[in-house]
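Colleague: Could you walk me through the enclosed spaces in this model, and tell me what the words you use for them stand for?

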Amino acid sequence: LMEIQLANKLGVSRTPIREAIRKLELEGLVLMIPRKGAEVAEITEKNLRDVLEVRCALEELAVQLACDRINQEEIHELHAAAARFEQMFDSDDITSIAQADEAFHDVIFQATDNERLIQLLNNLREQMYRYRVEYLKKKECYPQLLREHQAIIEAIEKSNKETASEIMGQHIENQVTAVTDSLRHK
């Protein structure tokens, strides 16, 4: 039923709709319920932890590789992305703030020059996004986020892998803590 409604609304056949729903199901964003159809998967602590444990490992690896491989242009992009993120703070548009945060991390991913790693991180993007948005609803976390971004940039500029990796791990751990906290209060 939903498939037909969506297909009509979007002016496409049911096949691409079915494929899209299947993809969302594989990504854990949608649950298929027999004889009822698809529904959006709940944000659970388990799901949050699963996704962010993987993200943490991949982003720590990414930042270590970036320490070795980043070029001047990318360092410049990193500063610019951090500045854009900061400029978004007064906005109430959480989507744009989340995209600005993503853009900062994307510069680090690109700097790894590792296609496989970038692909894995992109595959996780949709799953990470909902937790990022949940986290960014907490404006009180912003000053800390900024400090972490700056510290990550400094560590990369100094090619200090250990520090960069440590801060990145903490950066993601803070998100786990904040989002877990808000899940428990819902």
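**Two enclosed spaces**

Modeller: Gladly! The second largest cavity has a volume of about 40 Å³, a volume being the space filled by probe spheres set on grid points joined across faces, edges and corners. This is a predicted model, where local features need pLDDT of at least 70, side-chain atom pairs count only at pLDDT 80 or more, and totals for chains, interfaces and linings use all residues. Residues are numbered from 1 along each chain as its sequence is written, and side-chain values use heavy atoms, without hydrogens and water.

Colleague: What makes a set of points a cavity?

Modeller: On a 1 Å grid over the protein atoms alone, a 1.4 Å probe fits there but cannot get out. By this rule there are two cavities of 30 Å³ or more.

Colleague: Which residues line the second largest cavity?

Modeller: Glu102, His105, Asp106, Phe109, Arg125, Met128 and Arg132; lining residues have an atom within 4 Å of a point. Helices H5 (94-112) and H6 each give two or more of them, and H5 gives the most, with four residues. Helices here are DSSP runs (H or I, at least four residues), numbered from the N terminus.

Colleague: Why are four residues of that lining called charged?

Modeller: Because Asp, Glu, Lys and Arg count as charged. The others in that lining are two nonpolar and one polar.

Colleague: And what lines the largest cavity?

Modeller: Arg55, Asp101, Arg132, Tyr135, Leu136, Leu145, His171 and Gln175. H6 (115-136) and H8 (161-184) each supply at least two residues, with the largest share, three, from H6.

Notes. On a 1 Å grid over the protein atoms alone, a cavity is a set of points where a 1.4 Å probe fits but cannot get out, and a pocket is an open set with protein on both sides within 12 Å along at least five of seven lines; lining residues have an atom within 4 Å of a point.
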